[in-house]
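Ready for a short workout? Take a look at the model below, then try each exercise before reading its solution.

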Amino acid sequence: MALAEKDIKEIEELFEKLGSMTLEEQRAKAPEMLKKLSPEQIEFIKQQQGGGQCPFCGIAKGEIPAKKVYEDSNFIAVLDINPGNPGHVIFLPKEHIAVLPQLSDDLTAKAFVLVKKLSGAVFDATNAQGVNILQNNGAVAGQTVPHLHIHIIPRFDDDKVRIEWDPLKLTEEQFEEMQKRISEKTKDFGKKVYDVSGNLVEEKENKKEEKKPEKKEDAPRIRRRRA
Ligand code: AMP
Ligand code: ZN
């Protein structure tokens, strides 16, 4: 993508500033600084960082052939080229987003509804006895393509799909410590957004709750007998 020299200079200056910061400062200030860039500048950075070579971006743009089973303006679902079973589908946002915590709440809600419907379609089309919804975030979690995607895998008796772990034995204290640490992160749900490492990436302002006028239909209907 061709970008004006002044726009590229702005990007370079931003990265210079970020480079002179500590990791903590970067985390705190980067979202605000990136907001000042135009969509064209953001797209330019993505291309520079390899977004242009991402195979799933290629599929989303129709540049890499794939067996499409669903598409709308935000998402696409295609058959996995290395399926666990016939009918194994991967569902992805068209925008290059690396991991689930980076997806907007709005698109996450839309995605989950579509995954639910796709799982029904896969069930019916393959006569599966079960379906796994699998989503890997980060290489250590088994993510091999760094573009967010969700697997929809039909399951059959005695198939070759293995999703398993060795259960650990935790002490009561270890369970409680985890409960405390995760609950601490969830108490501001709706206001704070964390990345996969638990770092705060976005803090939304508190919106005043508007009280909606009660709809007539919602009010309980009480039938009175005429005297
Ligand atoms: P994951 O290990 O969760 O990152 O899964 C990536 C999945 O994408 C694997 O199951 C691959 O077989 C699949 N995959 C990689 N490239 C393509 C492609 N060009 N078309 C369809 N599926 C693909
Ligand atoms: Zn991508």
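**Exercise 1: two sides of a helix**

The face of helix H5 away from its buried side holds the exposed residues Asp106, Ala109, Val113, Lys116, Lys117, Gly120 and Asp124. Exposed means 12 or fewer other C-beta atoms within 10 Å of a residue's own, buried means 20 or more, and partly exposed lies in between, with C-beta atoms placed from the backbone. Helices (H or I, at least four residues) and strands (E, at least two) are DSSP runs, numbered from the N terminus. The model is predicted: local features need pLDDT of at least 70, side-chain atom pairs count only at pLDDT 80 or more, and totals for chains, interfaces and linings use all residues. Residues are numbered from 1 along each chain as its sequence is written, while chains are lettered from A and ligands numbered from 1 in the order in which they are written.

Task: find which residues of H5 are buried.

Solution. Start with the list: Ala111, Leu118, Ser119 and Val122 are buried. Next, look down the axis of H5: these buried residues line one face, because they fall within an arc of 110° (taken from the directions from the helix axis to the C-beta atoms).

**Exercise 2: a covered strand**

Task: work out which way each residue of S3 points.

Solution. First, place the strand: S3 spans residues 89-93, and 5 of its 5 residues are buried. Then sort them: Val89, Phe91 and Pro93 point one way, Ile90 and Leu92 the other. In a regular strand, side chains alternate between the two faces of the sheet.
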